[in-house]
Amino acid sequence: MDIRSQVAMVFHLDKCIGCHTCSIACKNVWTDRKGAEYMWWNNVETKPGTGYPTKWEDQDHYKGGWEVVDGNLQLKSSGKKNYLQRIFYQPNLPTLDEYYEPWTYDYDNLFSAPEGDDQPTARPVSKITGEYIDIKGGPNWDDDLSGSPLYARNDPNLKALTPEQELQLLSIEQLVMFYLPRICNHCLNPACVASCPSGALYKRGEDGIVLVNQEVCRGWRFCVSACPYKKVFYNWNTGKSEKCILCYPRVETGQAPACFHSCVGRIRYMGVLLYDADKIKEAGLRPDSELVDAHREIIADPFNPEVIASAKANGIGDDVIKSAQKSPVYKFVKNWGLALAPHVEYRTFPMLFYVPALAPVTSTQEDGTLANNVDELFAPLEKARMPIEYLAALFGAGQEGPVRYALKKQMAVRSWRRALTVGDIDIEVAKAALAAAGCTPEQAEEIYALTSLPTFDQRFVIPASHREMAIEALKNPLENKGLAGIGFREAPERGL
Amino acid sequence: MLTNTFLFVGYPYLMIVLAILVSIIRYRYTPFSFSSLSSQFLENDQLYWGSNFWHWGIVIVLLGHLTAFLMPGAILSWNANPVRLFLLEATGVTMGMLALLGLVSLLVRRLTHSRIKVVTSTMDVIILVLLLVQVVSGLDTALRYRWGSSWFATNAAPYLQSLFFFNPKPQYVASLPLGPKIHMLSAFTIIGLIPFTRLVHFLVVPLHYLWRTPQLVIWNRRPEKRFNSQSGR
């Protein structure tokens with residue numbers, strides 16, 4: 001047993017309103033720079049949809065993540081065997097066109113245009129070349145499905161559906177969608193770290209944040225290819241890779257990262273998970289059907305005395321252990337089984353979990369009029385508009401079981417609270433629904449409280465790092481730790 | 001004579017010292033500036049041909065030079081058989097052509113593609129032109145003066161070795177034709193310019209990846225556990 005701690009995350013998709021406030025908060029703090037204009041360390045996608053960069057989930061194309069070959073876990077993109085032949089040219093690298101060409105507008109023309117018959121316009125100007133461009137796409141081009149199933153149709157997850165289901169899902173009257181906010185997952189088995197030949201990427205021992213040492217990165221671009229979530233970005237100006245740093249200066253002082261703090265829907269939770277690093281390798285070799293369980297088994301019980309002893313032996317402080325015991329993430333993931341990792345079949349073991357969104361049929365169109373089906377507010381899952389198979393492809397490595405469990409439990413908690421507060425559902429019926437969902441009334445109350453009523457301090461249980469124990473006091477941190485995206489010793493300018 | 005002494009003794013040493021000293025200073029004080037400065041992200045299609053042709057061609061040609069420098073005798077005895085000589089020469093010329101093709105493609109891309117122009121510095125163009133001179137003069141030597149691989153072993157190798165052992169003997173190359181002389185001088189110029197250009201990327205080719213653990217974990221509080229493998233393969 002080798003217990004380590006990780007600052008882990010839960011996004012409650014049922015609460016996400018798709019407002020992009022998180023993206024803007026992140027953009028303004030971290031990526032409003034030359035070379036980083038196109039980067040969205042935090043972005044919000046509409047699902048079904050192709051996302052950013054386009055079709056990032058299509059690993060037949062991008063070759064991200066891990067695969068099991070002859071009983072060994074190997075990077076899909078490249079490994080020790082073949083990395084030198086890919087160093088001159090990355091065959092699976094997404095290019096600027098797969099993201100989008102960042103632009104601004106020629107506002108000056110509005111003032112300086114000569115007098116004429118037409119209104120002057122502000123034409124889009126590329127932020128890279130400075131030339132006029134025709135905008136072909138943006139980071140959220142298929143936002144809200146762009147009012148059509150045109151983009152949704154190319155979603156790689158639709159492969160899990162039958163043609164009938166797909167037709168049903170994409171028919172315009174029944175179009176259904178939810179939002180998927182995405183940041184770096186700060187994985188337990190990060191493909192980016194393992195792929196970096198320079199050794200620039202690393203995972204921090206104390207909190208599990210994955211960073212790129214800017215002084216060691218040489219721009220070989222393996223990490224961009226290897227990350228299946230496409231959350232490592234190449235800065236075209238400095239020739240270095242960059243990624244979400246989970247606002248570690250904030251996290252180290254016990255504050256929530258910018259995207260978490262600014263979340264309007266309060267969908268984000270952050271807390272410590274203790275995990276057993278010895279279990280990662282074995283878990284990565286399990287078949288797809290066992291991956292959700294294998295992932296959860298890596299996470300250790302913070303109340304188990306053996307776990308606590310091992311954590312202490314690894315230098316994890318009492319306050320961190322205490323935080324792990326109060327962790328909202330632990331509750332959502334382990335206690336309640338509500339939160340699931342995205343595409344766990346990539347075998348990187350993300351530390352960001354999603355509570356899948358419910359999409360009950362609340363109204364249908366019949367003979368040109370809208371019929372509200374209040375009775376079916378708590379309809380069986382089979383009537384849900386979003387096919388379970390789709391959610392299973394996204395959150396369950398193709399397994400419907402864990403997704404079904406999470407949705408059923410959420411639905412049961414809703415019925416239970418409806419029975420208590422409105423009373424139009426029989427309390428016994430609600431109790432039966434809870435029991436069927438593997439939930440007790442006490443647990444339902446807890447879920448309800450942490451979902452609907454949590455305070456700031458319940459959502460974010462982040463222990464401040466122990467600065468007094470850091471090596472800064474004794475050694476030059478710039479030589480003993482990596483530089484990590486900020487805190488440059490020299491101006492971050494492009495080399496000769 | 002004095003010119004030869006400067007060009008083939010003074011100049012090479014100057015350039016080599018410059019390369020070593022400035023590279024160390026640059027690595028020590030501005031590590032952030034070490035990057036391959038890849039532009040694949042901005043332009044993918046032309047780079048496929050340019051970069052692959054250039055790199056594979058030049059890597060194999062350089063390995064050939066290195067072999068002849070280290071073991072000139074072996075090259076000579078290999079070349080004793082005309083079939084083997086022809087094979088070696090043909091491989092060299094083919095790889096040189098490949099490198100030239102790639103280099104021209106990269107140069108055209110750099111000067112014409114609007115996105116690539118944005119990330120092109122003066123030094124990029126200078127070094128590309130110098131490399132062009134280098135490859136063209138090398139191919140010229142290979143095609144016009146037979147057989148380059150043999151007299152590299154008899155003339156260039158002992159000359160380079162004499163430089164290496166601080167016992168310079170420029171007489172080995174003093175009477176060579178202009179083509180090979182340009183080839184050698186531009187080679188020393190390129191070596192001297194390494195630390196002032198993007199060529200530094202080949203000083204940091206990540207070979208250590210081969211014996212590294214897949215995952216890196218850095219502990220802040222426990223510097224003794226700095227590079228600690230975590231898991232994976």
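Okay, quick definition before anything else: when I say helix or strand, I mean a DSSP run, H or I over at least four residues for a helix and E over at least two for a strand, numbered from the N terminus. With that in hand, how many helices and strands does chain A have? The secondary structure of chain A adds up to 20 helices and 16 strands. And please keep in mind that what you're looking at is a predicted model.

Let's stay with chain A and talk about overall dimensions. Its C-alpha trace spans about 75 × 75 × 45 Å along the principal axes. A compact globule of 496 residues would have a radius of gyration near 23 Å, and chain A comes in at 24 Å, so the two agree.

Now some backbone oddities, since I know this crowd checks its torsions. Most peptide bonds are trans, and most residues other than glycine have a negative phi. Where are the exceptions I picked out? The bond from A:Lys47 to A:Pro48 is cis, with omega near 0 degrees. A:Pro48 sits in the loop between β2, residues 43-47, and α2, residues 59-62, of chain A. Then the bond from A:Tyr52 to A:Pro53 is cis too, with omega near -10 degrees, and A:Pro53 is likewise in the loop between β2 and α2 of chain A. For phi, have a look at A:Arg221: it's not a glycine, yet its phi is positive, near 75 degrees. That residue lies in the loop between β9 and α7, residues 222-226, of chain A.

On to where the chains meet. On the chain B side, 49 residues are in contact with 53 residues of chain A. Which elements of chain B each supply at least two residues to that side? They are α2 (45-70), α5 (114-118) and β1 (217-218). The biggest contribution is from α2(B), with 5 residues. By class, the chain B side has 22 nonpolar, 19 polar and 8 charged residues.

Keep β1(B) in mind, as it takes part in a sheet with chain A. Which strands make up this sheet, and in what order? There are 3 strands in an open sheet, running β9(A)-β8(A)-β1(B), and the pairing is mixed. At the edges are β9 (210-212) of chain A and β1 of chain B, each pairing on one side only. Here's how the mix breaks down. β8(A), residues 201-204, pairs with β1(B) in the parallel sense over 2 bridges, and there A:Arg204 has B:Ile218 as its bridge partner. On the other pairing, β8(A) and β9(A) go antiparallel over 3 bridges, with A:Val212 as the bridge partner of A:Leu201.

Last stop, a helix pair within chain B. The axes of α6 (122-144) and α9 (178-193) come within 9 Å and cross at roughly 150 degrees. Parallel or antiparallel, then? Angles over 145 degrees count as roughly antiparallel, so that's what α6(B) and α9(B) are to each other. The crossing is left-handed. If you want to click through the contact, the α6(B) residues include B:Leu130, B:Leu131, B:Gln134 and B:Arg144, and they meet a set in α9(B) that includes B:Ile182, B:His183, B:Ala187 and B:Leu193. By class, that contact has 9 nonpolar, 8 polar and 2 charged residues.

That's my tour, happy to rotate the view for anyone.

Terms used
Residues numbered from 1 in each chain as written. Chains lettered and ligands numbered in written order. Predicted model: local features only at pLDDT ≥ 70, side-chain atom pairs only at ≥ 80, totals over all residues. Axes fitted to C-alpha atoms, helices over the stretch in contact; angles between N-to-C directions. Parallel < 35°, antiparallel > 145°, perpendicular 65-115°, else oblique. Left-handed = near helix turned anticlockwise from the far one by under 90°. Contact = placed C-beta atoms within 7 Å. Nonpolar A, V, L, I, M, F, W, Y, C, P; charged D, E, K, R; others polar. Pairing = 2+ DSSP bridges. Rg over C-alpha atoms; globule rule 2.2 N^0.38 Å.
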